[in-house]
Amino acid sequence: AARRAGGDRAVLFDAAMARGVEDDRALEHDLREALRRDEVGVVYQRQVDLATDRIVGVEALVRWRHPTRGPVSPAVFIPIAERTGVIEALGAWVLRTACRDAAAWPDPIRVSVNLSAIQLQRDDLVATVLDALAASGLPPDRLDLELTESLLMENDGPARDRLERLRAAGVHLALDDFGTGYSSLSYLRDFAIDKIKIDQSFVRGLPGERPAAAIIEAVVSLAGNLGLRVNAEGCETAEQVDALRRLGCHEVQGWFHGRPEPSSAIVASLQAQLATANPATVRGTAAV
Ligand code: C2E
Ligand code: MG
Ligand code: MG
Ligand code: MG
């Protein structure tokens with residue numbers, strides 16, 4: 001009976017695995033088509049400076065609206081794109097789109113693009129990024145590339161060389177999901193990072209949880225000593241914004257200030273922001 005049960009389990013397991021693989025293959029095929037059929041888009045989430053309350057940058061986030069399944073989360077399709085190699089075409093397309101959109105915005109804010117480990121392993125990464133910049137006319141120092149700790153962990157000499165070449169060209173590097181990987185601190189020593197993005201799991205603990213606040217405080221202090229900017233991700237409430245301001249974070253990104261939105265909505269917000277280019281003057285005039 002035991003053997004039989006084991007056999008049944010194995011069969012069930014195989015069936016589930018096969019379904020998973022088939023699902024992946026279907027999605028992989030659809031994803032290749034999606035790029036050609038305009039089902040893929042890029043949305044932008046604002047990054048707000050806590051000292052000035054102004055939008056200083058956005059993160060580009062890829063979106064896929066599947067014709068029958070509806071929106072598919074990047075948490076689902078990015079891993080498939082990575083396993084199947086589609087990430088190269090997809091990643092290059094996101095870079096070109098984000099640079100082109102940002103170059104047309106009325107205010108020279110920054111745009112941040114996520115990089116996959118697979119892209120970092122490719123020798124043509126530098127050319128892909130520089131081509132996207134050149135084609136759009138976006139100055140290199142308005143582009144941030146977001147890297148994760150696990151991405152840096154898997155990569156050695158050639159990858160580091162690519163990042164150094166990009167940085168020499170003026171591109172900035174941001175360490176994404178900071179605090180969730182391994183031995184975070186060695187990356188700050190070994191790579192020329194410009195910005196730390198504190199993972200949303202820490203922000204979630206604010207304002208009540210002392211450990212979350214203490215960790216953020218320590219990261220801010222470390223970043224200050226290294227001359228890095230600190231962004232806190234997943235900021236959903238006014239209380240979290242206040243706590244992050246008190247803790248010395250430079251900028252926040254999260255639903256409190258806005259969900260990811262199309263380029264046209266960013267343009268409208270930037271135009272409104274430019275209309276109050278000098279808030280001090282506006283207040284002064286009103287007082288007269
Ligand atoms: P990420 O780079 O850490 O992006 C932040 C994620 O947090 C985004 O999820 C964003 O929509 C979500 N988020 C922002 N503010 C809040 C908030 O206040 N509360 C909550 N609960 N969530 C918030 P999204 O867009 O689903 O992307 C998930 C992940 O997929 C990204 O995490 C990134 O790792 C990956 N990804 C997205 N676009 C790209 C891309 O173009 N290329 C690559 N390689 N990866 C991408
Ligand atoms: Mg990111
Ligand atoms: Mg993140
Ligand atoms: Mg993440």
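How many residues does helix α3 have, and what does it reach from its first C-alpha to its last? In this predicted model, helix α3 covers residues 86-103, which makes 18 residues, and its end-to-end reach is 26 Å. That is close to the 26 Å expected at 1.5 Å a residue. A good part of the helix is tucked away from solvent: the buried residues of α3 are V86, I87, L90, G91, A92, V94, L95, T97, A98, C99, D101 and A102.

Next come the metals. The magnesium ion written as ligand 2 takes its protein donors from E59 (OE), N114 (OD1), E146 (OE) and D176 (OD), at 2.0 to 2.3 Å. Read along the sequence, these donor residues are spaced E-x54-N-x31-E-x29-D. E59 sits in strand β2 (residues 55-66) and E146 in strand β5 (residues 143-148), so this pair ties together parts of the chain that are 87 residues apart in sequence. Both glutamates are out of sight in the protein. E59 counts as buried because its relative accessibility is 3%, under the 20% cut-off, and E146 is likewise buried, at 1%.

The other magnesium ion, ligand 3, is held by D176 (OD), D177 (OD) and E233, with E233 listed for two OE donors; the distances run from 2.1 to 2.7 Å. Here the spacing along the chain is D-D-x55-E. This site also links distant parts of the chain, with D177 in strand β6 and E233 in strand β8 (residues 229-233), 56 residues apart. E233 is buried, at 7% relative accessibility. D177, by contrast, counts as partly exposed, with a value of 26%. What bridges the magnesium ion (ligand 2) and the magnesium ion (ligand 3)? The bridge is D176, which coordinates both ions, and the two lie 3.9 Å apart.

D177 has something else to show besides its metal contact. Its phi is positive, about 55°, although D177 is not a glycine. The residue lies in strand β6, which spans residues 172-178. D53 is another non-glycine residue with a positive phi, in this case near 60°. D53 is found in the loop between β1 (40-49) and β2, and it is exposed, with a relative accessible area of 52%.

Ligand 1 has 23 residues around it, and those that come nearest are R63, D176, Q200, E236 and W255. D176 therefore turns up again, having already been met as the bridge between the two magnesium ions. Some polar contacts can be picked out around ligand 1. A polar side-chain atom of E236 is 2.6 Å from a nitrogen atom of the ligand. The side chain of E59, itself a donor to the magnesium ion (ligand 2), has an N or O atom 3.0 Å from an oxygen atom of ligand 1. The backbone takes part as well, with a polar backbone atom of V62 lying 3.2 Å from a ligand nitrogen. Taken alone, ligand 1 exposes 810 Å², and the protein buries 81% of that.

One last backbone detail is worth a look. The peptide bond from L206 to P207 is cis, with omega near 0°. P207 is found in the loop between α9 (200-204) and α10 (210-226).

Definitions and conventions:
Residues are numbered from 1 along each chain as its sequence is written. Chains are lettered from A and ligands numbered from 1 in the order in which they are written. This is a predicted model: local features need pLDDT of at least 70, side-chain atom pairs count only at pLDDT 80 or more; totals for chains, interfaces and linings use all residues. Side-chain values use heavy atoms; hydrogens and water are left out. Donors are N, O and S atoms within 2.8 Å of the metal (3.2 Å for Na, K and Ca); water is not among the atoms, so sites may look incomplete. Helices (H or I, at least four residues) and strands (E, at least two) are DSSP runs, numbered from the N terminus. Buried means under 20% relative accessible area, exposed over 50%, partly exposed in between (1.4 Å probe, protein chains only). The expected span of a helix is 1.5 Å times one less than its number of residues. A residue is near a molecule or strand if one of its heavy atoms lies within 4 Å of it. A polar contact is a pair of N or O atoms within 3.5 Å; within protein, one must be able to donate a hydrogen and the other to accept it, and residues adjacent in sequence count only if both atoms are side-chain atoms. Accessible areas come from the Shrake-Rupley method with a 1.4 Å probe; for residues, only the protein chains shown count as cover.
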